[in-house]
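I opened the notebook to work through this model from its strands outward, ending with the places where the chains meet. Each entry records what I looked up and what I found.

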Amino acid sequence: MTDKLILNEDRFFDSDPKIRKVARELYEGIRDLPIISPHGHTDPRWFAENQPFPDPTELIVIPDHYVFRMLYSRGISLESLGIPTVDGSPVEQDHRKIWQLFADNFHLFLGTPTGIWLNHEFFTVFGIDERLNSKSAQRIYDRIQEQLQSPDFLPRAMFDRFDIEAISTTDAAADSLEHHEMIRESDWKAKIVPSFRPDKVVNHIHTETWRCEIEHLGRVGARDIGSYVAYIQALERRREFFKSMGATSTDHAVLEPYTHEMTSGEVNAVFQRALKGKASEEDAVRFTAHMLMELARMSIEDGLVMQIHPGSYRNHNELVMKKFGLDKGGDIPVRTEYTFNLHALLNRYGNDPRLTLVLFNLDESTNSRELAPLAGHYPAVKLGPPWWFFDSVEGMTRFRQTVTETAGFYNTVGFNDDTRAFASIPARHDLSRRVDSNFLAGLVARHIIDLDEARGLSRALAYDLAKETYKL
Amino acid sequence: MTDKLILNEDRFFDSDPKIRKVARELYEGIRDLPIISPHGHTDPRWFAENQPFPDPTELIVIPDHYVFRMLYSRGISLESLGIPTVDGSPVEQDHRKIWQLFADNFHLFLGTPTGIWLNHEFFTVFGIDERLNSKSAQRIYDRIQEQLQSPDFLPRAMFDRFDIEAISTTDAAADSLEHHEMIRESDWKAKIVPSFRPDKVVNHIHTETWRCEIEHLGRVGARDIGSYVAYIQALERRREFFKSMGATSTDHAVLEPYTHEMTSGEVNAVFQRALKGKASEEDAVRFTAHMLMELARMSIEDGLVMQIHPGSYRNHNELVMKKFGLDKGGDIPVRTEYTFNLHALLNRYGNDPRLTLVLFNLDESTNSRELAPLAGHYPAVKLGPPWWFFDSVEGMTRFRQTVTETAGFYNTVGFNDDTRAFASIPARHDLSRRVDSNFLAGLVARHIIDLDEARGLSRALAYDLAKETYKL
Amino acid sequence: MTDKLILNEDRFFDSDPKIRKVARELYEGIRDLPIISPHGHTDPRWFAENQPFPDPTELIVIPDHYVFRMLYSRGISLESLGIPTVDGSPVEQDHRKIWQLFADNFHLFLGTPTGIWLNHEFFTVFGIDERLNSKSAQRIYDRIQEQLQSPDFLPRAMFDRFDIEAISTTDAAADSLEHHEMIRESDWKAKIVPSFRPDKVVNHIHTETWRCEIEHLGRVGARDIGSYVAYIQALERRREFFKSMGATSTDHAVLEPYTHEMTSGEVNAVFQRALKGKASEEDAVRFTAHMLMELARMSIEDGLVMQIHPGSYRNHNELVMKKFGLDKGGDIPVRTEYTFNLHALLNRYGNDPRLTLVLFNLDESTNSRELAPLAGHYPAVKLGPPWWFFDSVEGMTRFRQTVTETAGFYNTVGFNDDTRAFASIPARHDLSRRVDSNFLAGLVARHIIDLDEARGLSRALAYDLAKETYKL
């Protein structure tokens, strides 16, 4: 038993020599392409302020729900992992102790993408050459900690070293984009753009939260939002502002991708009920369905690429949500339906070549049944890469296996890292490039495509399609 | 980069040498078996009239929605592809120009079964030895065009050369079968039989279209259809006529495979409402559910094999349907349920050994969950081969992987090419034979079955099961 | 063509030499570990009475619905297979004739796990070295028959030879556990424990059958069950009794894993209606949903591991059920939903580390979508191994492929053989150990995990996790 950490050069490639040889060759042709990151959750503040990340635990464990949900699932409390509570009740403050607990349980990540990303990050970003475990924990902590204090590990330095050509953050409709502004005004030339995610003012109009958000949106636009018309205008003005700050896309998270157009009378009435706190849950569902249509119309007019991320039951674990807040690993996927749900939107806008509608998915059974057929027919529809839980070796392989034969490669949009774990971005793109190279190599080995065709496709999947689709 | 078109002898076989060797051997044993094509959409008129196909675009692009839906999905208009409009408004007439557009975008078919079939067809049927692309487009057009004018490329000559032992077309209940009649009366001895597909007189009884069809059915039978009893008798007489013309099967396309028996009073009342144009959509759903039971009863009596093709949302893209008509690539699958839906039919008729019920599927999640368990228990139930979107390398492989362990091989029914693209028939059977040989070789390589067992199975899957099940 | 029966040493391993070599090595390290069988349906009477099994047909064909459902699906009547009828109407009594029929159709099991288990059982348990077919049928019958009469083939001798360290049977709430008692009082020291499966007194409270079962439960506890409180107490006392007899788990079969807590008033009212025979089907659904919550609460209190087996439409084939009784191969899976259905239970108890909730599954589309995310977050949730229809080479492989990346290995619970076919137990564990070894070898070959990590995992999957999770 060795404790050395080695990233094998052929990792994630099929062991069959015919496939591996081609996979390696394809991968070599794309490994050094710049990173296009068209959808993610990095914090623009990091790049605006360019302050050092405080310590390994703060960088790697505490912000990453992929990491702590797995530890939690095996009975390790979130308090002991230092996850901050909503009410400020005390949690573990000793970051070395948390790191040790993480290291003691690192075997839980065997066979998971999180394990793969972390090892890649340790080795490539921080030059760690031993495996993380109980014995090595504090040594590795020291090594990372030391580097984080050096100028080479400031956010902008890492961004440049990662060779990120363009990255899009995800921002609320009312967001001031002040950090984006700071970056643009700095002398550091990096393409960091916002994307417009108006979920808080579009979904759940039956809640108090929505009314607060509407008020906030009104304040930001310096106009009272007293009518549906004013609301639509406010959204359009915000989109214009986002575009002026470089945005090329919008994003919409919904439980179901249900679309339905209300009459002007209906939608006005629902909106007024919502403003008065009298909207029902059913109103909320219908309003979101209506707004997806409106947002598609706006995308046709202003050219922003429209993304839909459906199918996640947010905050399934209410105890965790109440105590620790949103995005703590307790969002659980649900069965999703696209064919009926998108009928209204696609019939109204799906044949319009000005619309780019990128669909994401947490329900793999829809890949071959609904998504690939929709993308293989409607000019507007493109398929987003495997999302959350599926941005993995098997998940990405299954995506290509279930989608390609019906939708082809050119109705997919390249890779999204979709992460808030900044230092894992190279790992995620590397994994995606390896898996796609291996998939293409499998087609070459079975004489389904030729090697020169595979070369062109590998570049498209790693770089071109993301850049073109997202207009970056 | 070469532009040579080569069909590798080992294509679609696993690259692992142990598997490939066995796959090749199994395939060699079945590659030259005659073609049994028990379900498809070739036009009997071709074989009745035996006129030359006009040109490559008319043969390959315009009639094949697999081809033009993919081009359309990337923003190429159907008008520019020469797809005729319903109202006769003008579309591109220059078939060389359409062919060029097709060739310019042939890379969209990389990794798709359509790409595989087309290359096979080019190489094997037309002797083309260069890849289709922008440069070669007109040369290839010339080559195909020239051959289509020769006697060797008349429909009957191709049919004979393809070694088709039996083929079944798909025909409406009221169809005169005049072309089948012409074939039977000719001195050309080919087994081309109709199959009875009464969808238009069974589904959507709440529509004007249905009433027209019923009138049409009445005219054909020279008897007014004024009651449910008369309707049933008319169907039975048509089935008798189809049988006399060689039919061995029926086919039923439904959104859901819902079955439910109405009382005689109920069904009479619904039928009368329908005749008066007063049936509701719910009536239509219940009527189809009832008729599936009736049709199963008729199959038990007259011995016609019953096929159900459920789960396609027909004409999802209404704009395309209104402008270009049916079957233009806009049919999108939906989630399908068999266990509850077929309960009534299977409880009434599923234990009867005289019934053969072949179930098809566009929702792969049902393969292992519902279809294989149903086929592995009920004497009547057999599983149709991977249908539409799944008649592909990965699709056919997944079918065997998800079905075999529960249903075995002998509750499946061999291959259906299900195509209206006549010249692609050998390509489709070849692909299926290769994929099944490869699947069996994988079992041999893992010592799950022996080579001699695999040999018997490969023949069953390529020939025997289709012939036996469909009584051809 | 040879008729020799050989179990290849490398069976079920990938043929790629890199993977096969590692798989073999991993398997060698675990092949001789004792068997932990935490969930199954062996009859404790066999071990209590230790009488010889009567003959091969009685041991292998008649009790195993995996075997006869496949024969039935190809038109072989259950009567001709000697399956006893409910009303005692005559069935085939000549067990040699039944065995011949089974052998004549043994090709139907090609590629199925049943075929694999049977061959393993023939070869390993009975030393048969020729394939079962029409010619060898009677010779093999003789060989097995002869051995079944010898002391070495008495149930206890086989149990010891199979190296079963612990086995759990499945027993109704009102069961006397008299055979468990006999085993405990014997001088044969084997760990055979009951598990508490109260389905009959929890589900279908709207039926006459339920009222009989409640009466029976009352008699067993010597107390009238006239109220919901008395009912809960009766269940708790039975659980206590089961624990005293060694039980470490409970099991619950439901159509849907729907959970919902009723108020005390509601549940009392529903229970009273049920006692009076006036409960509705909807009452029954809500009562089961409520009881799953109560049973989780009890598990937290008494420490019994809670298992849920949802998603089977029991006795789908009513004709077979009426004529031949329950468990005759006519249970068909249905689409299953966990995210919404388990919300109530998991929010109430899912964060409690005292609860172990093992979820099973007949709907593979939920593996990656719902089950792995739930297990990878909630401390209480663990995933049961591939159940029924999926305890196969492809099924178990797909389980690891779809679950591991999100839930890791340590939120799964090792293998369950879940069988009433006693002599197939070693075959089933062997298959599982081979498939898991091969899966891990695939990870090693692709450098996702290291060989030493794989060694630890292979032992965990074959032995440790089952023992720990089920507290055996």
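**Entry 1: a three-stranded sheet in chain A**

I began with Ser168(A), and I found that it stands opposite Val193(A) in E4(A). I keep in mind throughout that this is a predicted model. Looking at the strands around that pair, I noted that strand E2 (residues 164-168) of chain A and E4(A) run parallel and are joined by 2 bridges. I then traced the whole sheet, which is open, has 3 strands in the order E1-E2-E4 (chain A), and is paired in parallel. Its edge strands are strand E1 (35-37) and strand E4 (192-193) of chain A, each of which pairs on one side only.

**Entry 2: strand E7 of chain A**

How many of the residues of strand E7 (residues 305-310) of chain A are buried? I found that 6 of the 6 are, so the strand is largely enclosed by the rest of the structure. I checked the directions in which the residues point: Val305(A), Gln307(A) and His309(A) go one way from E7(A), Met306(A), Ile308(A) and Pro310(A) go the other way, and all are buried.

I next looked up the pairing of this strand. Strand E6 (residues 249-254) of chain A runs parallel to E7(A) and is joined to it by 6 bridges, and within that pairing I noted His309(A) as the bridge partner of Ala253(A). E7(A) also pairs with strand E10 (residues 357-359) of chain A, again in the parallel sense, over 3 bridges; here Met306(A) stands opposite Leu357(A) in E10(A).

**Entry 3: chain A as a whole**

I counted the secondary structure of chain A, which comes to 20 helices and 11 strands. For the overall form I compared the radius of gyration with the globule rule: a compact globule of 472 residues would have a value near 23 Å, and chain A has 23 Å, so the two agree. The C-alpha atoms of chain A fill a box of roughly 70 × 60 × 45 Å along the principal axes. I also recorded that 56% of the 472 residues in chain A are buried, and that, among contacts in chain A with a separation of 6 or more, residues 24 or more positions apart account for 77%.

**Entry 4: the two domains of chain A**

I looked up the domain division, which splits chain A into domain 1 (17-51 + 162-469) and domain 2 (52-153). The C-alpha centres of domain 1 and domain 2 of chain A lie 28 Å apart, and the contact between the domains takes 19 residues from domain 1 and 19 residues from domain 2. On the domain 1 side, helix H15 (318-324) and helix H19 (425-445) of chain A are the elements that give two or more residues, and H19(A) supplies the largest share, with 5 residues. By class, I found 6 nonpolar, 5 polar and 8 charged residues on that domain 1 side.

**Entry 5: a loop glycine in chain B**

Is Gly325(B) buried or partly exposed? I first placed Gly325(B) in the loop between helix H15 (318-324) and strand E9 (332-333) of chain B. Gly325(B) has 13 C-beta neighbours inside 10 Å and therefore counts as partly exposed. I then took its separation from Asp87(B), which is 238 residues away along the chain, and found 9.6 Å between the two C-alpha atoms.

**Entry 6: how chains A and C are related**

I superposed chain A on chain C, which takes a rotation of 120° with 0.0 Å of shift along its axis and gives an RMSD of 0.0 Å. The two copies are therefore related as by a three-fold rotation axis. They use different surfaces, since 5% of the contact residues of chain A recur in chain C.

The contact takes 41 residues from chain A and 39 residues from chain C. On the chain A side, the elements giving two or more residues are helix H4 (65-73), helix H6 (113-126), H15, strand E9 (332-333) and helix H18 (393-407) of chain A, and H4(A) gives the most, with 4 residues. I noted the classes on this side as 18 nonpolar, 13 polar and 10 charged.

**Entry 7: where chain B meets chain C**

Last, I looked up the contact of 38 residues of chain B with 41 residues of chain C. Six helices of chain B are listed as supplying at least two residues each to the side that touches chain C, namely H1 (17-30), H16 (343-349), H17 (365-375), H18 (393-407), H19 (425-445) and H20 (451-469). The largest share of that side, 7 residues, comes from H17(B), and the side as a whole divides into 15 nonpolar, 14 polar and 9 charged residues.

Conventions:
Residues numbered from 1 in each chain as written. Chains lettered and ligands numbered in written order. Predicted model: local features only at pLDDT ≥ 70, side-chain atom pairs only at ≥ 80, totals over all residues. Contact = placed C-beta atoms within 7 Å. Nonpolar A, V, L, I, M, F, W, Y, C, P; charged D, E, K, R; others polar. Domains from an automatic or database assignment. Buried ≥ 20, exposed ≤ 12 C-beta atoms within 10 Å, placed from the backbone. Pairing = 2+ DSSP bridges. Rg over C-alpha atoms; globule rule 2.2 N^0.38 Å. Least-squares fit on C-alpha atoms with pLDDT ≥ 70 in both.
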